[in-house]
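Welcome! Please open the structure in your viewer and keep the selection tool at hand.

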Amino acid sequence: MIWHLLFWTVAACVWLAPFLPALREWRFRTDVGPLRVSRAQDVNIRHFAHSFFDQVSAFFDTRGIDTRAPPPPYNGEFRPGEEFAFLGAVTRPHWPAALRRSRRVPYVVIATGDLLLEGGMIYQQEIYCGGQLYAGADSTFRAVYAGTDLVLGARCVVARWLHSQGHVHIGPDCRIFGRISSGSSITLGEGTRFERLNATLIRTAADEAPAIGVAPAPPDTVWSPPESLRQLDATTVLAATSLQLPGAHTIGVAVVCQGSLDIGDGARVTRAVKAYERLVIGRGCSVQGALVCAGPIVIAAGAEIAGPVVSETSVDIAAGVTIGTPAAPTTVTAPDIRIAAGSQCSGTLWARRQGRVAVAERK
Amino acid sequence: MDLLITGLEVTLWINVALILVYMVRHVVFTLNRLFGTQRHPYLDIDVAAWPQVAVVVPCHNEEAVVEHVLDALAEVDYPADRLRVIPVDDRSADRTWELISRHAARHPTLIHPLRRVGGMPGKAAVLKEVTETLDAEILIVFDADYLPGRGLIKQLVAPFFDAEVGAVMGRVVPQNVGTNLLTRLLDLERAGGYQVDQQARMNLRLVPQYGGSVGGARVSAIRAVGGWRETALAEDTDLTYRLLLHGFKTVYENRCECYEEVPEVWQERNRQIMRWAKGHNQAAWRYARAVMMAGHLSPRERVDGLLLLGVYLLAPLMVLGFVAALALHMLGESLVPVSLSVLVAMVTFSAIGNYAAFFEIAAAMHLDDSRRRLRLLPLNFINFLSSVLNVSRAFVTALLFDRLAGRTLHWEKTSRYRRNGNGQDTPAA
């Protein structure tokens, strides 16, 4: 009898124990707000840059700093625990000897004019530059905002974000973690690694224009989908296996392929294409719709893509490829993006894991 | 007597087997969300040549909320020349049409209202009528109590660049969480269902479900499958399965969050879940065989498609299982005391759960970083029991009164509770 009683007592305690915090939470209501769903910082690539700009503007206003006045004596706290160095219109900052020895600048650097930063330094806080900013090789930045153009030398590292209202030029072999955005264009040097870029025009520097040599599709060679393909709607067909589309043809339907899809050189595709395994766009092709693939997407030299390019694995962009236009920008997104020198994209280039500008082979 | 006992035992074991299948399904989904690879392939599309979109807001006596959704839609970040908002007043008896007209006058190029005074009532009928004459490429649907954020339309439209995508579903987040225990429990339930269940199905390339609001469909795909079925009680589930059987995919976008109102009184909640159950079961009768036979679907899609169709059949099965266990005990066949069976069952359901249940909810709270509200989880037992009873009731009434007696299933509207303000006091707004 006692064992029965003990069993039921223990069982009841085990069963009831979770109800104690539950009843307490019900009674005291410590967490009753709707789930926060704001995504401003995710959606807007310039969110952090604009926030910093707003902070600097507020800083000027609240401190009563005359941006035309010569520096110093302005210094102090920019944010709690973070000191600033106000350089005014000084172009070449002369850091104290201790900082020069340590190669580290621990301040939020604020300059109202152009800024010429010597190489090999580590800037541990954000830099605000009202004009053009030139940074020497081997510099490391937390984040940079430039009012006009921004030029980084070779092998620079940016940890969080970089924004310029003008042109951005990134030297070779740089590593840019986080976001780069520009009000006009971004040029990436060879070997540079990146994550998320956004500009009207994103170019990879090349010594010479790549030769493509594929004629556009004659208008009268139109590809007719075989009857074995499943018709999804009036303009979309579904292939259950891998498929090769002929080059130098006009493909007027959207094609979904449950295997690999290979589009021949010079084809003109007027709608979207999708493959499950691998998607290859031939040399000189033009695709007016989107490219979507769970596996890798390979875009051969000279191709022109108008729609978004989405891969769940990787995108490989050869030389001379154009994706989007300044008038109709688009998005390229994949965990890994490899882009050859001499290509250009308009809009967003977003490598979730790593983007890399390939190094061209020298003759 | 032996035949009866055998029948009860078979019923019980089938019951146990089915519950085990669903339990495994939920455990797999939860582990996938916690430790698996997450698929958000279209999330990063932020710049593109956006297609023509029509946002339809079906309204029936929505004076308490309709202005808020129209205000929110007037603020969305989408090219103005490619967006049209169509609030449809379906024979409201309150000030809904007046409020819609006022907003249309304020945004004449954006808001193009429609008023229905005849034809079949209900959301499916509204959607059918609008879609027939629509010249947009994409149709997005919001219920009138929803509060879309600025970037939501782009996020919902982005997957349609994929030619295989027929429908897209976003995540529904309760706004009136703090009203009472029911709203807090429904908040837990929604989190488990979307954050874990739907996203896991997306990750595993199974069958995410289009849920009728905070989502949309490709107009050409709707037309290719024969349009909206206005007699369907769950037009969303119906469309999901017709798109699936035709070859289109439905995509779930977990980061496309939108606020909604959840029922604040139990009677309303009971009506809602009974309506869902009837609609879902209607789709199950209609499509289960076709899903089983669909050769173009992958085996995993077929299995998940069937299991998804069966979710609202599980409650009556479970009740049947309890009855069978009890009957076996009364007939002297039970191996363990019935009280212990009940306790074990309770503990099992509390610990592992059923439906989009406890384990999934706990994982969802973890993923949402809502640790403190997770403490309420044991009280979800009340919601669980209520759902089991009401879903079973819906099954019985649908079978006995609607199907056998030929009674017409009809659409019912969920009550609105928003009192003052414009719904903009939410964290997203």
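This tour visits a cavity, a lone arginine and a few salt bridges, one stop at a time. Bear in mind throughout that the model is predicted.

**Stop 1: a cavity**

The structure has two cavities of 30 Å³ or more. Head for the second largest one, with a volume of about 70 Å³. To see its walls, select A:L35 together with B:R171, B:V172, B:V173, B:P174, B:D187, B:R190, B:A191, B:M365, B:D368, B:S370 and B:R373. Which elements give two or more residues to this lining? They are β5 (165-174), α6 (181-203) and α13 (358-368), each in chain B. Color β5(B) if you like, since with four residues this strand gives the most to the lining. Now color the lining by class: you should find six nonpolar residues, one polar and five charged.

**Stop 2: an arginine without a salt bridge**

Next, select A:R46, in the loop that runs between α3 (40-43) and α4 (47-63) of chain A. What is the nearest side chain of opposite charge to A:R46? It is B:D46, 8.2 Å away, and the buried A:R46 has no salt bridge. Add A:N198 to your selection to see a polar contact of 2.7 Å between its side chain and that of A:R46.

**Stop 3: salt bridges in chain B**

Over all chains, the structure holds 39 salt bridges. Start with B:R116 and B:D90, whose side chains form a salt bridge with an N to O distance of 3.1 Å. B:R116 sits in strand β3 (residues 114-116) and B:D90 in strand β2 (residues 83-90) of chain B, so this pair ties together parts 26 residues apart in sequence. Are these partners buried or exposed? B:R116 is buried, at a relative accessible area of 5%, and B:D90 is buried too, at 3%.

Move on to B:E189 and B:R269, another salt bridge, where the closest N and O atoms are 2.8 Å apart. Here helix α6 of chain B, which holds B:E189, is linked to helix α9 (residues 266-293), which holds B:R269; the two residues are 80 apart. B:R269 is buried, with a relative accessible area of 1%.

**Last stop: a network**

Finally, select B:E67, B:R95, B:E98 and B:R102, which are joined into one network by salt bridges that share partners. Zoom in on B:R95 and B:E98 within this group: their closest N and O atoms lie 3.6 Å apart. Both partners are partly exposed, B:R95 with a relative accessible area of 39% and B:E98 with 41%.

How values were computed. Residues numbered from 1 in each chain as written. Chains lettered and ligands numbered in written order. Heavy atoms only, no water. 1 Å grid on protein atoms, 1.4 Å probe; cavity = no way out; pocket = protein on both sides within 12 Å on 5 of 7 lines; lining within 4 Å. Points joined across faces, edges and corners; volume = space filled by probe spheres on them. Nonpolar A, V, L, I, M, F, W, Y, C, P; charged D, E, K, R; others polar. Buried < 20%, exposed > 50% of the residue type's maximum accessible area, 1.4 Å probe, protein only. Lys, Arg positive; Asp, Glu negative; His and termini not counted. Salt bridge = Lys/Arg side-chain N within 4 Å of Asp/Glu carboxyl O. Polar contact = N/O pair within 3.5 Å; in protein donor to acceptor, adjacent residues only side chain to side chain.
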